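Trainee: Could you take one part of this model and walk me through it closely? I'd like to see how it sits in its surroundings.

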Amino acid sequence: MSVPLAVQANRYPPGDLAIWIFILAELGVFAVFFAAYAFARIGDVALFNAGQDTLDRGAALLNTLALVTGSFFVVRAVAAIREGDDRGCVRWLLAALGMGLVFLVVKGFEYAHHFEAGVTLSTNTFYMFYLSLTFFHFMHVILGMVILAAVALKARAGGYSAADHTGVETGASYWHMVDLVWLILFPLIYVMR
Amino acid sequence: MADPIPADLRDALSPGATRAPWLRPCTRVYLVLVGLTGVTFAIGAAGLGGLPLALGVLGLALVKGQLVGDWFMGLRGIRGPWRWVVALWLLVPGVLIGVAFTLASS
């Protein structure tokens, strides 16, 4: 007996299934990173707390709001294309790209501040984790922006419709993954002590 | 025959009217995420620490992650194993981080 198409579709997340395999792999790597940070912290809690005090929580707040807002804009882009509004979809995607840019600029200023202070990967264990974890995430934000830009270009050319918009959902899923990772990274590195 | 009800009034009375941008569920979820982010930041800015608070902040992060998975990534309406992929991902590092912070405080 064949399964109705609607039921089949409901068994899989939005977007191309391949991106979800990729997302799972990425999430797995970040999970290992997070656990490694938390267990390394046991060895020298004072060092990690002192390192945390040198970070700019205001910048981290701004970046969290930028990513959450960008994710919300991407949700609206998907909703727009589902309603057949491809111009609206493009506008929301461009707004999300703007939020990604805000994140990169703020994070860039943070890095510049630390590098000016002479901080490197080998300064201590805390900074090794801070720099490698946040830069790894930073690269994912850039990749997410490239994907969103490609989706926006195709949407602008009329490449998606209410009936066919898997590409928009695929790009959206990746962007939400970038947001999801930061939602754990932010409290873990900047707040929890 | 012309429709006796003006188009704008018909739109306002239709079920679709509840889908106005500021009332969409995703907008409400977004506002909750912003609120929880503010709480997390306030705890950090106040320099508060200790195991209960650290675990509380971790709990807030897990709730935020689940909201993103359910409402933004669209997993809420999925049946089968993919429904729980984000929840499982949050659980594994969440438990490990919680255990590590508990060990660090003892």
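**A helix and the contact around it**

Mentor: Sure, let's start with the contact between the chains, keeping in mind that this is a predicted model. Chain A brings 35 residues to that contact and chain B brings 39. On the side of chain A that touches chain B, α2 (17-43), α4 and α7 each put in at least two residues. The biggest giver there is α7(A), with ten residues. By type, that side of chain A splits into 25 nonpolar, five polar and five charged residues.

Now for the part I'd zoom in on: helix α3 of chain B, residues 51-72. Its 22 residues span 30 Å from first C-alpha to last, close to the 32 Å you'd expect at 1.5 Å a residue. Plenty of α3(B) is buried, including Ala54(B), Val57(B), Leu58(B), Ala61(B) and Leu62(B). Further along, the buried list also has Lys64(B), Gly65(B), Leu67(B), Val68(B), Gly69(B), Trp71(B) and Phe72(B). So what covers them? The cover includes pieces of both chains: α4 (57-82) and α7 (166-191) from chain A, plus α2 (25-45) and α4 (85-105) from chain B. Just past the end of α3(B), Gly74(B) adopts a positive phi of about 80 degrees.

As for confidence, the model comes with ipTM 0.92 and pTM 0.89. Chain B has a mean pLDDT of 85, with 78% of its residues at 70 or more. Residues 1-18 of chain B are another story, with pLDDT below 50. Beyond near neighbours in sequence, that stretch has four contacts in the model.

Terms used. Residues are numbered from 1 along each chain as its sequence is written. Chains are lettered from A and ligands numbered from 1 in the order in which they are written. This is a predicted model: local features need pLDDT of at least 70, side-chain atom pairs count only at pLDDT 80 or more; totals for chains, interfaces and linings use all residues. Helices (H or I, at least four residues) and strands (E, at least two) are DSSP runs, numbered from the N terminus. The expected span of a helix is 1.5 Å times one less than its number of residues. A residue is buried if 20 or more other C-beta atoms lie within 10 Å of its own, exposed if 12 or fewer, and partly exposed in between; C-beta atoms are placed from the backbone. Two residues are in contact if their C-beta atoms, placed from the backbone, lie within 7 Å. pLDDT is the predictor's confidence in each residue, from 0 to 100. Ala, Val, Leu, Ile, Met, Phe, Trp, Tyr, Cys and Pro count as nonpolar, Asp, Glu, Lys and Arg as charged, and the others, Gly among them, as polar.
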